[in-house]
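I opened this notebook to keep a record of what I looked up, beginning with the backbone and ending with the packing.

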Amino acid sequence: MNKNQVVLSIAAFCLIAVPSANSQQDQGNSRVRSFNGHKYTFVPDQVRWRDANKQSAEMGGHLVTITSKGEQAFIEEFLKSQGDSGNCTWLGFSDDEKEGQWEWVTCEEVKFTNWGPGQPDNGYGCQNYAWIGWYGNGLWDDNLEGAKLPFIVENDYVSSGVGRRSNLRSK
Ligand SMILES: [Ca+2]
Ligand SMILES: [Ca+2]
């Protein structure tokens, strides 16, 4: 191999090795995914449920609500794609208004749940906020108000990014 061939080889290697602008952009957007016309954004910051709920509204959406088996499977996959920080997430599901009466923050009908064995147990007498994580396989548990976790924001319309804020519970 002469000198010119070596230079060409190096140039060819660089073309292959350097990611294109597109793939870099995709990596930058790895915290955002779409499913069934909704947009989901993973926020790795560890915050209390009430703060996550507030931040979600500020982002034009709401804390993720899971209302079908398909959406549950999507969320499990999305969390896995986030590496270690995706080990858990808050859900927009709580019974803080009336103990034992679990409600979605969107007031959607409760037609799907995926509680872990023996959950929700209202542990310590005051677990009112659902999360995924403890069981490591997508099962839900109720957690304390003071727990700090990452969360997923769901926007109901991918194109406009506008959530159904008028339907949200007031707190
Ligand atoms: Ca409770
Ligand atoms: Ca619990």
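**Backbone entries**

I began with Pro120, which lies in the loop between strand E5 (103–104) and strand E6 (127–132). The model I am reading is a predicted one, and in it a cis peptide bond joins Gln119 and Pro120, with omega about 0 degrees. I noted beside this that most peptide bonds are trans, and that most residues other than glycine have a negative phi.

With that in mind I looked up positive phi values. Asn36, in the loop between strand E1 (32–35) and strand E2 (38–47), has a phi near 55 degrees, a positive value in a residue other than glycine. I then asked whether Asn36 is buried or exposed. Because 9 other C-beta atoms lie within 10 Å, I entered Asn36 as exposed.

Cys107 is in the loop between E5 and E6, and its phi, near 65 degrees, is again a positive value in a residue other than glycine. I counted 12 other C-beta atoms within 10 Å of Cys107, and the limit for exposed is 12 or fewer, so Cys107 is exposed.

**Strand E1**

For Val32, which is in strand E1, I found 14 other C-beta atoms within 10 Å, so I wrote Val32 down as partly exposed. Leaving out residues up to four places away in sequence, Val32 touches Lys39 and Thr41. I also checked Val32 against Ile152: the two are 120 residues apart along the chain, and their C-alpha atoms are separated by 9.4 Å.

**Core and helix H3**

Which members of the largest nonpolar core touch the most other members? Of its 25 residues, I listed Leu63, Val64, Trp90, Leu91, Trp131, Phe151 and Ile152. At least two residues of this core come from each of E2, helix H3 (49–58), helix H4 (69–80), strand E4 (89–94), E6 and strand E8 (149–155). I followed Trp131 further and, not counting residues up to four places away in sequence, found that its contacts include Trp90, Leu91, Trp140 and Leu149.

In H3 I found Trp49, Ala52, Asn53 and Ser56 buried. Seen down the axis of H3, the buried residues fall within an arc of 100 degrees, so they line one face of the helix. I recalled that an α-helix has 3.6 residues a turn, so residues three or four places apart point the same way. The buried residues of H3 pack against E2, strand E3 (62–63), E4, E6 and E8. My last entry is Gly60, which follows H3 and has a positive phi, near 80 degrees.

How values were computed:
Residues are numbered from 1 along each chain as its sequence is written. Chains are lettered from A and ligands numbered from 1 in the order in which they are written. This is a predicted model: local features need pLDDT of at least 70, side-chain atom pairs count only at pLDDT 80 or more; totals for chains, interfaces and linings use all residues. Helices (H or I, at least four residues) and strands (E, at least two) are DSSP runs, numbered from the N terminus. A residue is buried if 20 or more other C-beta atoms lie within 10 Å of its own, exposed if 12 or fewer, and partly exposed in between; C-beta atoms are placed from the backbone. Two residues are in contact if their C-beta atoms, placed from the backbone, lie within 7 Å. A nonpolar core is a set of buried Ala, Val, Leu, Ile, Met, Phe, Trp, Tyr and Cys residues joined through C-beta atoms within 7 Å. The arc is that of the directions from the helix axis to the C-beta atoms.
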